[in-house]
Amino acid sequence: MSKEHLVVERARKAFQTGKSKPLEFRVNQLKNLRRFINESRKDIADACKKDLNKSGNCTELFETLGIDGEINIAVKRLSEWAAPRPVEKSLLTISDEVFLQPEPLGVVLIIGAWNYPWAVTLQPLVGAIAAGNAAVVKPSEVSSHSAKLMEKLLPLYLDEELYPVVCGGVSETQELLRQRFDHVFYTGNSTVGKLVMEAAARHLTPVTLELGGKSPCYIDKNVDLRVACRRITWGKFVNCGQTCIAPDYILCEPSIQNRLVEEIQKCITEFYPDNPKTFEDYGRVINQHHFQRLMSLLEGSTVAIGGESDESLCYIAPTVLKDVRGDSKLMQEEIFGPLLPIVTISGVEEAIRFINEREKPLALYVFSQDRKLIMRMIAETSSGALVANDCLVHFTVSALPFGGVGNSGMGRYHGQHSFDQLSHLRACLIKKLNMEAANAMRYPPHTDKKLAWARIFFLTQVNIDRLRRMAMLAMFTSLAAFIVQRILRQR
Ligand code: NAD
């Protein structure tokens with residue numbers, strides 16, 4: 001029996017005791033997770049420095065702050081999320097209780113990726129705990145310092161049986177995927193996403209796939225280019241371009257290409273003064289494999305900014321490529337590094353066509369002052385998210401579901417979306433045993449008259465809230481009429 005099998009068995013047994021279900025227990029575990037983040041801030045920052053050369057403040061801003069925020073919302077709103085949710089009734093069920101009851105799914109497998117090793121692994125865990133599940137946590141082996149730290153410290157804060165951390169590479173993950181789970185939550189690339197879904201299908205296990213892809217960034221020629229470039233430069237080069245929702249490439253008209261290059265150059269100089277190579281807030285490519293992959297993408301393209309590299313440090317300068325063709329190497333796969341190609345198109349019409357000819361992206365960015373153009377992009381394209389006049393920020397809005405569509409993934413999380421994604425919303429109907437006469441229409445013999453009644457009862461939706469509001473309005477109107485009448489009589 002493999003180690004992975006034993007861990008999953010242990011988590012299932014612990015789940016079956018029911019200890020993960022009481023809301024008080026869930027809140028306690030979430031608070032322990034918050035305590036872990038607070039007490040381990042320095043260790044987490046050190047691990048991220050070693051893995052990706054992230055500065056302490058970058059780690060705080062892009063890793064732990066988001067986890068803290070998700071925990072706070074879950075702790076505050078859990079009783080509301082977990083409560084029965086009444087639904088609209090028909091005349092047939094008017095006297096029944098009809099509601100959705102969120103219930104835990106069971107044992108969830110969370111497979112994390114290396115680029116934000118804490119955020120993409122622990123944010124789904126917040127949802128799993130909040131929803132009352134057990135969860136096996138598998139951090140990415142590629143960000144090895146973070147993975148080892150998670151394995152060492154998390155069990156000191158969370159229930160060890162319910163929330164074990166399993167470290168390992170491809171073979172360990174594949175062994176985990178052979179086990180039966182009640183949900184698999186995977187973050188990573190689309191190729192492995194398919195393998196995950198295939199493995200889950202053998203047990204009919206539902207999956208959430210948080211994948212990536214090429215997120216386009218369309219810039220309208222009439223926009224304030226200075227502001228647009230500040231936001232794009234930040235969104236692209238943070239974490240050395242290794243962000244799933246980083247703008248992958250720019251689409252713009254040829255007339256603004258050179259001004260764009262000038263503005264991005266100014267931003268790079270401002271954000272990473274002197275030299276990005278020695279500046280603490282500029283990261284590194286995760287490893288040599290990705291370094292070589294990125295360098296080979298550069299072949300045959302025109303470098304407008306940057307292009308310098310140092311293989312021994314996995315350093316690639318913030319780099320902008322101009323006049324990039326749609327069929328070039330750079331445009332065939334997600335870049336996931338500090339290379340920003342500019343592809344010129346004739347206008348919004350061609351931009352929409354260009355986007356729609358490719359896989360549905362995780363994020364789509366539009367920079368424009370023209371609201372009509374933004375609404376047109378929303379109407380005529382599809383992506384996990386669309387952000388106008390900024391980059392990345394939708395990730396921070398817990399009320400917005402975070403996830404892809406088509407090749408960029410399936411399922412969603414953040415805030416209540418995490419809770420719902422990792423819960424089963426059970427359909428409940430509680431009927432009383434009286435009023436049996438009302439059921440006559442469904443029992444044989446099925447006469448025309450009974451069918452006519454059934455039609456009315458089945459098809460009439462009753463909005464209890466609306467009825468209640470109308471009754472209140474009628475009551476207030478009668479009261480007002482009565483008072484006015486009395487006043488008029490007294491005169
Ligand atoms: P990775 O190499 O860390 O792989 C992710 C996980 O898959 C790891 O835990 C790894 O152990 C496992 N894995 C790898 N190969 C496997 C195999 N053959 N069988 C089973 N498991 C395997 O990360 P990555 O895939 O390089 O991550 C980068 C990708 O993830 C990019 O495409 C990026 O856009 C995407 N991403 C998406 C999000 C999101 O929230 N949508 C967030 C971060 C990254």
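# Reading a ligand site and its domains

Reader: What distance separates an oxygen atom of the ligand from a polar backbone atom of G188?

Author: The two atoms are 3.2 Å apart. Keep in mind that this is a predicted model. A polar contact needs a pair of N or O atoms within 3.5 Å. Side chains take part as well. In S140, a polar side-chain atom lies 2.5 Å from a ligand oxygen. In Q174, an N or O atom of the side chain is 3.4 Å from a ligand nitrogen.

Reader: What share of the ligand does the protein bury?

Author: Begin with the ligand taken alone, which exposes 840 Å². The protein buries 92% of that area.

Reader: Which elements give two or more residues to the shell around the ligand?

Author: Look for helix 7 (170–178), strand 6 (183–187) and helix 8 (190–201). Helix 7 gives the most, with three residues.

Reader: How many residues surround the ligand, and which are the closest?

Author: There are 27 of them. The closest are S140, E141, N189, L211 and E334. Sort the shell by residue type next. It holds 14 nonpolar residues, nine polar ones and four charged ones.

Reader: Why does the ligand lie between domain 1 and domain 2?

Author: See who supplies the shell. Domain 1 (3–211 + 414–425) and domain 2 (216–397) both give residues to it, so the ligand lies between them. The domain assignment also gives a domain 3, covering 443–490.

Reader: How do I read the meeting of two domains?

Author: Start with the general idea. The size of an interface is often given as the accessible area lost when the parts come together. Now take domain 1 and domain 2. Their C-alpha centres lie 31 Å apart. Contact involves 14 residues of domain 1 and 17 residues of domain 2. The area buried between these domains is about 1400 Å², and carbon and sulfur atoms give 59% of it.

Reader: Which three residues supply 32% of the area that domain 1 buries against domain 2?

Author: They are N53, W114 and Y116. No other three residues supply more.

Reader: How do I read unusual backbone angles?

Author: Know the usual pattern first. Most residues other than glycine have a negative phi, and most peptide bonds are trans. Now try C314. This residue is not a glycine, yet its phi is positive, at about 55 degrees. C314 sits in the loop between strand 11 (309–310) and strand 12 (315–316).

Reader: Where is there a cis peptide bond?

Author: It joins P444 and P445, with omega about 0 degrees. P445 belongs to the loop between strand 18 (423–430) and helix 15 (448–459).

Terms used. Residues are numbered from 1 along each chain as its sequence is written. This is a predicted model: local features need pLDDT of at least 70, side-chain atom pairs count only at pLDDT 80 or more; totals for chains, interfaces and linings use all residues. Side-chain values use heavy atoms; hydrogens and water are left out. A residue is near a molecule or strand if one of its heavy atoms lies within 4 Å of it. A polar contact is a pair of N or O atoms within 3.5 Å; within protein, one must be able to donate a hydrogen and the other to accept it, and residues adjacent in sequence count only if both atoms are side-chain atoms. Accessible areas come from the Shrake-Rupley method with a 1.4 Å probe; for residues, only the protein chains shown count as cover. Helices (H or I, at least four residues) and strands (E, at least two) are DSSP runs, numbered from the N terminus. Ala, Val, Leu, Ile, Met, Phe, Trp, Tyr, Cys and Pro count as nonpolar, Asp, Glu, Lys and Arg as charged, and the others, Gly among them, as polar. Domain bounds come from an automatic or database domain assignment. Contact means heavy atoms within 4.5 Å. Buried area is the accessible area (1.4 Å probe) that two parts lose on being put together, summed over both.
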